[in-house]
Amino acid sequence: MEESPRYGLEQARSKLPHIVAEAHAGTTSIISRHGKPYAAVVPLQRLARLEQAANRPPRALLSLVGTGRGLWGENAGQTLDQLRGEWAGR
């Protein structure tokens, strides 16, 4: 994977049209302040993918969907009340 171009904050101000054109072409640019990464200009398609991924449950959890079905019996509420009573010493 190719490394993203980096621009200092002042350089980014003067090259903003170029940086935006790079983003439109699919290149992510990093903007630094005092030598430290501070912001990124990303292509809209990448931003959309990142937002979708952030709103999706982790795959590890998805593999567990439905695996506990029937675990608490026919009436899960009743079973849990019974267990709570045992735990509380009733």
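Before anything else, a word on pairing: two strands are said to pair when DSSP finds at least two bridges between them, and I will lean on that when I say, for instance, that I30 stands opposite A40 in β3. Please keep in mind throughout that what we are looking at is a predicted model.

Let me start with the sheet. Three strands make up an open sheet, arranged in the order β1-β2-β3, and the pairing within this sheet is mixed. At the edges we find β1, covering residues 6-8, and β3, covering residues 36-41, each of which pairs on one side only. Going from one strand to the next, the twist averages 35°.

If we take the two pairings in turn, β1 and β2 run parallel and are joined by three bridges, and within that pairing Y7 stands opposite I31 in β2. Strand β2, residues 29-33, pairs with β3 in the antiparallel sense, over five bridges. Besides the pair I named at the start, R33 stands opposite K36 in β3. Helix α2, which spans residues 16-24, packs on this sheet and touches β1, β2 and β3, with a direction that makes about 160° with that of β1.

How enclosed is β2, then, and why? Four of its five residues are buried, and therefore the strand is largely enclosed by the rest of the structure.

Let me now move to the turn that links β2 and β3. The hairpin formed by these strands has two residues between them, and H34 is found in that loop. What is notable about the backbone here is that phi of H34 is positive, near 55°, in a residue other than glycine. As background, most residues other than glycine have a negative phi. Is H34 buried or exposed? The answer is exposed, because its relative accessible area is 76%, and the cut-off for that word is over 50%.

Staying with β3, I would like to look at P37, which has its place in that strand. P37 is likewise called exposed because its relative accessible area is 59%. Leaving aside neighbours within four places in sequence, P37 is in contact with R6, I30, I31 and S32. As for R6, this residue lies 31 residues away from P37 along the chain, yet the C-alpha atoms of the two are separated by 8.5 Å.

One side-chain arrangement also deserves a mention, namely that the charged end of R33 sits over the ring of Y38, at 5.3 Å from the centre of that ring. By contrast, when the whole structure is searched for aromatic pairs, the number found is zero.

Next comes L9, which is placed in helix α1, residues 9-14. With a relative accessibility of 28%, L9 counts as partly exposed. Once neighbours within four places in sequence are set aside, the contacts of L9 are with I31, S32 and R33. For a sense of distance, L9 and E51 are 42 residues apart in sequence, and from C-alpha to C-alpha they are 26 Å apart in space.

Finally, let me turn to helix α5, residues 76-88. Its 13 residues reach 18 Å from the first C-alpha to the last, which is close to the 18 Å expected at 1.5 Å a residue. Following α5 we come to G89, whose phi is positive and near 80°.

Notes:
Residues numbered from 1 in each chain as written. Predicted model: local features only at pLDDT ≥ 70, side-chain atom pairs only at ≥ 80, totals over all residues. Heavy atoms only, no water. Buried < 20%, exposed > 50% of the residue type's maximum accessible area, 1.4 Å probe, protein only. Contact = heavy atoms within 4.5 Å. Phe/Tyr/Trp six-rings, centres within 6.5 Å; stacked < 30°, edge-to-face > 60°. Lys NZ or Arg CZ within 6 Å of the ring centre and 35° of its normal. Axes fitted to C-alpha atoms, helices over the stretch in contact; angles between N-to-C directions. Expected span 1.5 Å × (residues − 1).
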